[in-house]
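Student: I have a protein chain on my screen and would like some help finding my way around. Could we go through it together, one question at a time?

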Amino acid sequence: MSDGVVDDEFDVEIDAEDLAQLTRTPVELGPPSVIVDDLHVTYRVIGTRKRKAPSGPPPSTLRRLLNRARSASGGVTEIHAVRGVSFVAHHGESIGIVGTNGSGKSTMLQALAGLLPPTSGSVYISGIPSLLGVSAVLMKRLTGERNIMIGGLALGLSTKEVTERFDEIVEFADIGDFVYLPMTTYSAGMAARLRFAISTAAVPDVLMIDEALATGDAAFRERSRERIDEIRQHAGTVFVVSHSLNSIKAMCDRVIWLDQGVIRMDGPVDEVTAAYRRFTKERARSRRKS
């Protein structure tokens with residue numbers, strides 16, 4: 001486990017057999033919370049120009065270093081990750097973001113959170129967005145206790161408010177006395193649970209959950225869905241990026257389907273997930289034939 005920030009994500013994966021037992025709590029939508037107008041995000045990747053394999057005897061060590069330096073400085077590729085995306089989200093809405101790898105989902109969320117500047121277009125957000133979680137300030141060499149304080153302060157809570165919510169955060173994360181140990185001793189699941197608990201300790205105006213990578217047990221996943229529902233009930237807006245359509249259907253009322261950086265479909269969760277499932281099955285079938 002390397003030093004630095006905690007980058008584990010929390011998994012809101014749900015089993016298919018449990019989906020039928022879940023109901024999304026209806027929420028009366030409020031005014032617009034996020035307005036995205038013709039958003040474009042382009043970034044550059046340096047050193048990607050392909051070169052032909054050299055012929056003849058293998059180069060010397062010095063020659064290899066010189067060739068590597070030329071390669072790194074010579075090739076620049078522009079990636080147009082988000083292409084003219086426009087939509088409006090409202091307070092109390094829970095929106096799923098689906099799409100194949102490389103479709104621009106994470107890039108779009110980073111632009112909404114203010115982490116990536118738009119190349120063109122505009123993003124308007126009512127309130128403060130929170131991209132789950134607070135990984136930029138969670139340090140592995142510090143104890144969970146210290147990370148709770150640092151993370152809570154980063155979310156805008158006062159020292160007194162963090163202290164008052166400390167026991168609740170520890171109980172929600174289910175890490176027990178590990179909270180007093182350095183996070184280098186934590187498993188990926190423990191770190192992810194603590195991250196989620198800290199990130200939702202204060203109800204954010206706009207919460208964004210990107211790519212479920214780590215796992216939690218069924219009880220914790222249920223508590224997390226309830227916490228997300230609670231955020232919506234308090235007029236927050238939630239965006240969920242996940243490859244699990246069951247998770248999207250369990251937590252979201254609306255889905256935006258991104259394909260190669262553009263919105264292919266935006267509508268009710270059942271309608272969009274059904275269309276996206278058909279698309280992925282057809283694409284897999286075409287790949288097998290080729």
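Student: Is Phe 178 buried, partly exposed or exposed?
Tutor: Good place to begin, and keep in mind that this is a predicted model. Phe 178 has a relative accessible area of 35%. Buried means under 20% and exposed means over 50%, with partly exposed in between. Therefore Phe 178 counts as partly exposed.

Student: Where in the chain is the place of Phe 178?
Tutor: Look for two helices, H5 (159–173) and H6 (188–199). Phe 178 sits in neither helix but in what joins them: the loop between H5 and H6.

Student: Which residues does Phe 178 touch, not counting residues up to four places away in sequence?
Tutor: Leaving out those sequence neighbours keeps the list short. Phe 178 and Glu 145, for comparison, are 33 residues apart in sequence and 9.0 Å apart in space, C-alpha to C-alpha. Contact needs heavy atoms within 4.5 Å. The residues that Phe 178 touches are Thr 185, Tyr 186 and Met 190.

Student: Is Met 149 buried or exposed?
Tutor: Met 149 has its place in helix H4 (residues 144–154). Its relative accessible area is 18%, and the cut-off for buried is under 20%. So Met 149 is buried.

Student: How far apart in space are Met 149 and Ile 198, C-alpha to C-alpha?
Tutor: In sequence, 49 residues separate Met 149 from Ile 198. In space, the C-alpha to C-alpha distance between Met 149 and Ile 198 is 9.0 Å.

Student: Which residues touch the most other members of the largest nonpolar core?
Tutor: As background, nonpolar side chains tend to be buried together in soluble globular proteins. The largest nonpolar core here has 42 residues. One of its best-connected members, Ile 175, touches Val 170, Tyr 186, Met 190, Arg 193 and Leu 194, not counting residues up to four places away in sequence. The residues asked for are Ile 148, Ile 175 and Leu 194.

Student: Which strands stand at the edges of the open sheet of three strands, and why is one side of each left without a neighbour?
Tutor: The strands come in the order S2-S1-S4, with antiparallel pairing. An edge strand has a single partner strand, so one side of it is left without a neighbour in the sheet. The edge strands are S2 (76–90) and S4 (120–125).

Student: What is the bridge partner of Ile 35 in S4?
Tutor: Strand S1 (residues 32–46) runs antiparallel to S4, and five bridges join these two strands. For Ile 35, the bridge partner in S4 is Tyr 124.

Student: At about what angle does helix H3 run to S1?
Tutor: Helix H3 (residues 105–112) lies across S1, S2 and S4. Its direction relative to S1 is about 120 degrees.

Student: What are the closest N and O atoms of Glu 78 and Arg 44 apart, in Å?
Tutor: Glu 78 and Arg 44 form a salt bridge, and the structure holds seven salt bridges. Glu 78 is in strand S2 and Arg 44 is in strand S1, 34 residues apart, so this pair links distant parts of the chain. Both Glu 78 and Arg 44 are exposed. Their closest N and O atoms are separated by 3.2 Å.

Student: Is Arg 227 buried or exposed?
Tutor: Arg 227 meets Glu 230 in a salt bridge (4.0 Å, N to O). Both lie in helix H7 (residues 218–233), three residues apart, about one turn of the helix. Glu 230, at 38% relative accessibility, counts as partly exposed. Arg 227 has a relative accessible area of 9%, so Arg 227 is buried.

Student: In which helix do Glu 282 and Arg 285 both lie?
Tutor: Glu 282 and Arg 285 form a salt bridge, with the closest N and O atoms 2.6 Å apart. They are three residues apart, about one turn of the helix. Their helix is H9 (residues 269–289).

Student: Which residue takes a positive phi in the hairpin of S8 and S9?
Tutor: Strand S8 (residues 254–259) and strand S9 (residues 262–268) pair in the antiparallel sense over six bridges. Asp 259 stands opposite Val 262 in S9. Two residues lie between the strands of this hairpin, and the one with a positive phi, near 55 degrees, is Gln 260.

Terms used: Residues numbered from 1 in each chain as written. Predicted model: local features only at pLDDT ≥ 70, side-chain atom pairs only at ≥ 80, totals over all residues. Heavy atoms only, no water. Pairing = 2+ DSSP bridges. Helix = DSSP H or I, 4+ residues; strand = E, 2+ residues; numbered from the N terminus. Axes fitted to C-alpha atoms, helices over the stretch in contact; angles between N-to-C directions. Buried < 20%, exposed > 50% of the residue type's maximum accessible area, 1.4 Å probe, protein only. Salt bridge = Lys/Arg side-chain N within 4 Å of Asp/Glu carboxyl O. Core = buried A, V, L, I, M, F, W, Y, C linked by side-chain atoms within 4.5 Å.
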